[in-house]
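This report looks at how one pair of helices packs and at how the nonpolar interior is organised.

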Amino acid sequence: QQACLRRCKNASIMMLCRATNVARATGRRTFADGPLLKTMLYDLHVERGGKMVPFAGYELPVQYAGAGVLKEHTHCRAPGKASVFDVGHMGQIKWTGADRAAFLEKCVVGDIKGLGAGEGRLSLLTNESGGILDDTVITNAGDYIYMVVNGACKVTDMAHLEKMMAENSDMDVQMNYLGDDATLVALQGDGAKTALQPLLPDGFDMERFAFMTGVDTTVGGMECRVTRCGYTGEDGFEIGVTHTKDAVAVAELLLSNENVEPCGLGARDSLRLEAGLCLYGNDLDDTVNPVEGTLLWTIGPKDTRRRTEQGFPGASNMLTAEGKPKKFGRKRVGFMGHTKPARPGADIYSADGTTKVGTVTSGTVSPCLNAPIAMGYVETALGKNGTELTVDIRGKKIPTKVAKMPFVEPNYWRVPE
């Protein structure tokens, strides 16, 4: 039992260090020359013992006193429990105008015109070479399109989008950024639906509320945009609070449920890695295209409109005229089997340890599997699950294997048939 406790303690320390390093690097990358911003929930975090660190230009909690990364992670995964994350650093954009969907298809890889009412999907902003500028969730909200971009990228994203608007000035489209103090709260976990249901209007059909759909509604009587999505591999919601004056009240309502606890950046990182989800700036950047990033599915299945019509930046660099993916020398994969945690930047070698074949981009100890997991890029020929490799961890070549992602079975909501 003591050995188990030591392993858990060491894993928690490693996860905290990993998350803090990622947070600081992300903070430096985009907002190094300006003061750190505070979300509308800053005081709430401090009152609850949040350890505040720089992340994407904001001060956000990496963990909370009395809990810690490991406990926060396992709470979010536990049956009937849910966790609240402050994701107010992310950018929220409303698009209006008759040509809004057509314009966005000139910027992102996904099928935006084909989104049904309330339907959303993950898409990618790309540059002229096909490199990924950001990943984004885009939802058809009826008379507008709702777009959420990463906090570390939102300034450059909007500059890029404004440039694209200038190049397509004949199109009827307007971009409305909701502001640096716009509040976005994520409620994640098996118990998220139970915690949120009493706060929604009478008669709201939670069972038919599909994953990756959204609706304008109220939470506790306060106007919000609620999308069933998330970044943990669990069922959950992202709640955009319409009026900043309601931000704290919405968060406190969620946290008033006995099964709901706050969760910091440390657990957010380990949860998303268990779920096989990318962190922009680590696992994706503007030198990686969707084929290399194993994200071809964001464009669409074989022979679908966006694969064949294309029309987004860099399409011809990654797809043939028929819409088939071109061949590239590397691909994003998962790794397991190494006995020590592999940190971002660790080199991947051939099984005999003689030839460098890739790089780790994310790594941690999985609390659910009680084992190290990692994500990174290897030569395409070595990307098959089960391929034996080695990873350089502090000067030692440790055996590892290419592993299927997600590492932990996802728990996304499925509407009953």
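In this predicted model, helix H3, spanning residues 69-77, packs against helix H8, spanning residues 265-274, at an angle of about 50°, and the two axes lie 8 Å apart. Because an angle that is neither roughly parallel, roughly antiparallel nor roughly perpendicular counts as oblique, H3 is oblique to H8. The crossing of these two helices is right-handed. On the H3 side the contact is formed by Val69, Glu72, His73, Cys76 and Arg77, while H8 contributes Gly266, Ala267, Ser270, Leu271 and Glu274. By character, the residues of this contact comprise 4 nonpolar, 3 polar and 3 charged.

Turning to the interior, the largest nonpolar core has 27 residues, and within it Leu187, Leu196, Val219, Ile239 and Leu254 are the ones with the most contacts. The elements that each give two or more residues to this core are tabulated here.

| Element | Residues |
|---|---|
| Strand E4 | 82-86 |
| Strand E10 | 183-188 |
| Helix H6 | 192-196 |
| Strand E12 | 222-227 |
| Strand E13 | 236-241 |
| Helix H7 | 247-255 |

Of these elements, H7 supplies the largest share of the core, 5 residues. What does Leu196 touch, leaving aside residues up to four places away in sequence? With those residues not counted, Leu196 touches Leu187, Met206, Val219, Val226, Phe237, Ile239 and Leu254. Apart from the largest core there lies another, of 21 residues, which includes Leu124, Val288, Ile299 and Phe312.

Notes:
Residues numbered from 1 in each chain as written. Predicted model: local features only at pLDDT ≥ 70, side-chain atom pairs only at ≥ 80, totals over all residues. Heavy atoms only, no water. Axes fitted to C-alpha atoms, helices over the stretch in contact; angles between N-to-C directions. Helix = DSSP H or I, 4+ residues; strand = E, 2+ residues; numbered from the N terminus. Parallel < 35°, antiparallel > 145°, perpendicular 65-115°, else oblique. Left-handed = near helix turned anticlockwise from the far one by under 90°. Contact = heavy atoms within 4.5 Å. Nonpolar A, V, L, I, M, F, W, Y, C, P; charged D, E, K, R; others polar. Core = buried A, V, L, I, M, F, W, Y, C linked by side-chain atoms within 4.5 Å. Buried < 20%, exposed > 50% of the residue type's maximum accessible area, 1.4 Å probe, protein only.
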